[in-house]
Amino acid sequence: MAYRIPLSFPVFEGNENHYTGEVLASGNLATYGSFIDKFEKKLARKIKSHQAVALNSGTSALHLAMVLLGIGPGDEVICQSFTFCASANPIVYLGAKPIFVDSETDTWNISPELLEDVILTRIASGKKPKAIVLVHLFGMPAKIKEIMEVALKYQIPVLEDAAEAVGSKYEGNSCGTFGKIGIFSFNGNKIITSGGGGALISNETSIVQKAAHLSTQAREDLPYYQHLEIGYNYKMNNLTAAIGLAQLEKLDEFVRRRRKINQIYREMFSNFPGISFQDESNESYSNYWLTAILIDEKVTGFSNDKLRLTLLKKGIETRFLWKPLHLQPVFKELPFYGGNVAESMFLKGLCLPSSSNLSFDQQEEIASLIEKDILKSF
Ligand SMILES: *Cc1c(COP(=O)(O)O)cnc(C)c1O
């Protein structure tokens with residue numbers, strides 16, 4: 001169904017037609033080509049000091065990153081529970097075991113205190129976790145300083161799933177650059193899109209080179225096809241890279257607009273009791289990919305689902321927050337540490353329309369529909 005006001009729709013107002021036209025005229029739609037090079041270089045410049053390899057999805061970037069971290073059968077990998085399934089699925093692809101951890105209530109991301117407890121518990125039970133998957137939910141940087149301190153103390157590499165946080169910063173540095181490896185997603189509803197795509201970034205040249213090699217079927221540089229190891233078909237192609245490059249040129253602008261959208265929602269709801277937002281600390285700069293709210297039904301008199309249906313009737317798309325992975329039927333046998341923080345946020349939360357071209361009038365319409373719901377309930 002097409003929504004009158006979608007949750008997060010791509011905006012093409014830059015060089016997309018120009019660049020894709022150039023690619024089609026050239027006939028090179030393969031997984032090498034000038035737009036892939038330009039895209040990788042521009043992305044690397046944007047996030048500073050790191051190198052990037054362009055891939056065909058955020059999920060394949062996560063999978064490759066885990067291969068490069070040496071994750072294999074029987075290993076345990078700590079993963080934020082409050083996230084999209086793609087953060088954890090590649091752990092399972094590799095025969096390893098996700099260990100899910102609850103969130104804290106400020107940024108809604110993994111709790112640094114719980115993280116340390118979990119590491120100690122797993123070490124005591126005989127297995128040191130092989131990696132930590134950290135997520136920046138809806139673009140909001142996690143408590144990176146505290147988390148990196150714990151990771152450093154126990155010498156466990158961090159894989160930063162910055163799929164939702166392209167353009168977000170923490171202490172002035174780009175999200176994705178804090179861990180040993182970081183990944184981004186450029187799928188159709190992320191802040192910038194290549195129509196399907198991802199990237200793996202690292203400041204270790206050997207990691208990036210190895211990722212590039214594995215992503216193109218581990219083909220050796222010889223005139224015939226020779227393979228010394230098993231590779232993957234994970235590289236981005238030249239056509240999607242052309243879209244990605246045009247979008248990347250707009251990233252700063254889109255971040256500014258989405259931050260403005262978030263600020264307007266905050267102002268509009270400031271006199272609605274019972275509605276709260278993610279906390280952005282002084283160190284953090286969220287891209288506000290999606291503005292998400294928590295609705296305290298006891299105060300507002302209406303639930304997240306009631307609001308979702310009210311808005312849906314007017315053609316306005318909203319979405320529940322990610323259902324925590326430890327509550328997913330497919331992961332129900334796996335260990336989980338924490339309480340009901342992520343669970344209760346899932347039960348109360350709703351993501352609001354946040355497209356980079358959402359207008360002020362559309363935001364006012366959404367706010368007035370919510371206000372009517374509130375007034376009706378008293
Ligand atoms: C979108 C997303 C991914 C996966 O990215 P794709 O490009 O869709 O494969 C991974 N993790 C998180 C947190 C995401 O939101």
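Let me start with one residue in this model, which is a predicted one. Lys143 is partly exposed, with a relative accessible area of 23%. Its side chain meets that of Asp106 in a salt bridge, at 2.6 Å from N to O. Asp106 is partly exposed too, at 29% relative accessible area. What does this pair link? It links distant parts of the chain, 37 residues apart. Asp106 sits in the loop between strand 3 (97–101) and helix 5 (112–124), and Lys143 in the loop between strand 4 (131–135) and helix 6 (144–153).

As a general reminder, side chains of opposite charge can pair when their charged atoms come close. How many salt bridges does a search of the whole structure find? The search finds 15.

Two others are worth going through, and both involve helix 9. In the first, Arg256 bridges to Glu253, with the closest N and O atoms 3.4 Å apart. These two are three residues apart in helix 9 (residues 251–268), so about one helical turn separates them. Arg256 is exposed, with a relative accessible area of 52%, while Glu253 counts as partly exposed at 28%.

The second is Arg259 with Glu280, where the closest N and O atoms are 2.7 Å apart. Here Arg259 is in helix 9, but Glu280 is in the loop between strand 10 (275–277) and strand 11 (284–285), so the bridge ties together parts 21 residues apart in sequence. Glu280 counts as partly exposed, at 29% relative accessibility. There is also a network: salt bridges with shared partners join Glu13, Lys250, Glu253, Arg256 and Arg257.

Now the sheet. It is an open sheet of eight strands, in the order 1-9-8-5-4-2-3-13, and the pairing is mixed. Which strands are at the edges? Strand 1 (51–55) and strand 13 (336–337) are, each pairing on one side only. Inside the order, strand 2 (residues 76–80) pairs with strand 4 in the parallel sense, over three bridges. Within strand 4, Ala131 stands opposite Val77.

Two helices go with the strand 1 end of that order. Helix 2 (residues 34–47) packs on the sheet and touches strand 1, strand 8 (181–185) and strand 9 (198–202). The direction of helix 2 makes about 135° with that of strand 1. Helix 7 (residues 205–215) lies across strand 1, strand 8 and strand 9 as well, and runs at about 15° to strand 1.

That brings me to Lys190, which is in the loop between strand 8 and strand 9. An unreviewed UniProt entry places the feature "active site" at Lys190. Is Lys190 buried or exposed? Lys190 is buried, because its relative accessible area is 10% and the cut-off for buried is under 20%. Leaving out residues up to four places away in sequence, Lys190 touches Ser8, Ala163, Glu164, Ser185, Arg258 and Trp289.

Last, the chain as a whole. The chain has 13 helices and 14 strands. The radius of gyration is 21 Å, close to the 21 Å that the globule rule gives for 378 residues, so the chain is as compact as a globular protein of that length. Along the principal axes, the C-alpha atoms fill a box of roughly 75 × 60 × 35 Å. Of the 378 residues, 54% count as buried. Among contacts between residues at least 6 apart in sequence, 73% join residues at least 24 apart.

Definitions and conventions
Residues numbered from 1 in each chain as written. Predicted model: local features only at pLDDT ≥ 70, side-chain atom pairs only at ≥ 80, totals over all residues. Heavy atoms only, no water. Salt bridge = Lys/Arg side-chain N within 4 Å of Asp/Glu carboxyl O. Helix = DSSP H or I, 4+ residues; strand = E, 2+ residues; numbered from the N terminus. Buried < 20%, exposed > 50% of the residue type's maximum accessible area, 1.4 Å probe, protein only. Pairing = 2+ DSSP bridges. Contact = heavy atoms within 4.5 Å. Axes fitted to C-alpha atoms, helices over the stretch in contact; angles between N-to-C directions. UniProt positions renumbered as here; feature names shortened; annotations may be inferred. Rg over C-alpha atoms; globule rule 2.2 N^0.38 Å.
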